[in-house]
Amino acid sequence: MQTAARSANLLLTLFLVGIATSYSVARADENTTPTSSLAPIASRDELYTQLAADVADLEQRGSILKRVVKLITPTVVHIEARRENDATRTPRGDSEETGSGVIIDRRGKLYVLTNRHVIKHSTLTGINVKLADGRVLHPKQTWSDPATDVAIMSIVTDGLVPARLGDSARLEIGDFVLAVGSPFGLSHSVTYGIISAKGRRDLRLGDDGVQYQDFLQTDAAINPGNSGGPLLNLRGEGIGLTTAIASTSGANEGIGFAIPIKMVMLIADQLIDRGVVVRAFLGVRLDSSFGPAEAAQLGLARPEGARVTGITRSSPAEQARIAVGDVILEFDGSRVEDDMHLINLVSLTPVNKEVDVRLLREGRPLTLRVRVANRAQMPAD
């Protein structure tokens with residue numbers, strides 16, 4: 001298993017820079033006071049003692065990552081999913097999909113989170129869930145959502161350890177993260193990096209596509225087989241589900257993507273409770289070309305929000321009197337970055353919830369109250 005050696009290397013580099021700086025100062029003092037070329041034995045012993053103390057402090061800090069690995073390893077599984085239909089095989093002729101997953105607890109029952117694309121071609125008996133202790137299980141039931149590539153599997157056995165989930169909304173660019181999974185079949189491999197970016201929504205993923213995107217970007221090494229494994233913060237909490245890479249070679253090139261755990265669990269809970277995902281509907285058509293020039297004309301310092309170009313008949317937007325030309329700046333307390341961000345925010349809102357929509361109309365701010373509807377029950381526009 002790969003440990004977080006790179007993190008220790010980073011800390012060691014910073015430590016050595018400090019040592020080098022101290023050494024430079026010492027050399028400067030030597031230039032002003034003639035001394036022998038070799039420090040006295042007592043002075044060397046003192047330096048060794050100081051060095052040992054500094055290294056002990058460094059090792060203590062580095063042990064944080066080791067503790068995270070110990071906590072999360074029992075919660076991660078390796079998944080082998082046999083394709084049941086030969087027509088679905090890849091151009092290489094592969095008849096098996098491999099990936100990863102993470103065990104979670106929902107109301108006293110245990111499930112495995114993973115990506116839909118890992119298990120979508122397999123039956124229950126064709127899916128092998130390999131635990132950290134070597135046991136192999138078949139799921140009792142599976143659910144999945146093509147629009148987000150989230151899947152969840154029900155499993156039953158003794159001795160399972162669920163992961164602790166964190167708050168992906170609190171993540172910031174630059175936060176350290178770890179990814180655990182089975183790249184190229186090497187189960188329970190650990191890599192680390194940082195959050196490189198948030199809110200990636202324009203990725204082209206798989207044959208089915210992923211309609212609702214709000215990816216975390218990370219430089220933690222992610223390779224084929226990592227799909228469905230957890231992305232973790234330094235508290236050992238799952239804050240994402242690794243899903244895809246941007247690569248010209250098919251292997252890691254430092255750009256990986258994970259679904260924020262907040263989105264994952266909103267989908268997973270609906271799948272467990274209802275078997276399907278019910279999405280909210282606002283009823284607006286949006287301007288995908290809304291950019292700096294258009295924003296400046298409306299008095300905005302930068303492009304933000306989503307500009308309305310049309311209203312669906314009998315929709316929540318029409319009932320709330322949202323108008324063509326309005327720029328929606330905030331939805332249910334969240335600042336709207338662009339049109340795709342608004343689509344995601346609406347889709348993840350509980351049906352029939354009343355929310356505040358803050359918008360800009362003819363240069364003036366305005367707040368309206370809207371009750372979102374069930375998309376499936378709205379008439380075609």
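**Sheet, helices and cores**

I79 sits opposite G99 of β2. That pairing belongs to a predicted model, and it is a handy way into the sheet. I79 is part of the stretch covered by strand β1, residues 76-82, which is joined to strand β2, residues 96-106, by seven bridges. The two strands run antiparallel. Stepping back, the sheet is an open one with seven strands, ordered β5-β4-β1-β2-β3-β7-β6, and its pairing is antiparallel. The edges are taken by β5 (136-137) and β6 (141-145), each of which pairs on one side only. In general, strands of a sheet pair through backbone hydrogen bonds, in either a parallel or an antiparallel way.

Helix α4, residues 261-274, lies across β2, β3 (109-115), β6 and β7 (150-154). Relative to β7, α4 runs at about 50 degrees.

What about the nonpolar packing? The largest nonpolar core has 33 residues, and the ones touching the most other members are L113, I152, L178, V264 and M265. Helix α4 gives this core its largest share, eight residues. A further core lies apart from it, with 21 residues that include I311, A317, L342 and V346.

L178 deserves a look of its own. Setting aside neighbours within four places in sequence, L178 is in contact with L65, V68, V69, V190, T191, Y192, P230, L231, L232 and L234. Of these partners, L65, V68 and V69 are also among the buried residues of helix α2, along with L58, G62 and I72. An α-helix has 3.6 residues a turn, so residues three or four places apart point the same way.

How does the span of α2 compare with expectation? Helix α2 covers residues 41-72, and at 1.5 Å a residue its 32 residues should span 46 Å; the end C-alpha atoms are 47 Å apart, so the two agree. Even so, α2 has a kink of about 25 degrees, centred on I64.

Finally, there is L165, found in strand β8 (residues 164-165). Is L165 buried or exposed? Its relative accessible area is 27%, and because buried means under 20% and exposed over 50%, L165 counts as partly exposed. Leaving out neighbours within four places in sequence, L165 is in contact with I104, R106, E237, G238, I261 and M265. For G238, 73 residues apart from L165 along the chain, the C-alpha separation from L165 is 4.6 Å. M265, another contact of L165, is one of the residues listed above for touching the most other members of the largest core.

Terms used
Residues are numbered from 1 along each chain as its sequence is written. This is a predicted model: local features need pLDDT of at least 70, side-chain atom pairs count only at pLDDT 80 or more; totals for chains, interfaces and linings use all residues. Side-chain values use heavy atoms; hydrogens and water are left out. Two strands pair if DSSP finds at least two bridges between them. Helices (H or I, at least four residues) and strands (E, at least two) are DSSP runs, numbered from the N terminus. Contact means heavy atoms within 4.5 Å. Axes are lines fitted to C-alpha atoms, for helices over the stretch in contact, and angles run from 0 to 180 degrees between N-to-C directions. A nonpolar core is a set of buried Ala, Val, Leu, Ile, Met, Phe, Trp, Tyr and Cys residues joined through side-chain atoms within 4.5 Å. Buried means under 20% relative accessible area, exposed over 50%, partly exposed in between (1.4 Å probe, protein chains only). The expected span of a helix is 1.5 Å times one less than its number of residues. The bend at a residue is the angle between axes fitted to the seven residues ending there and the seven starting there.
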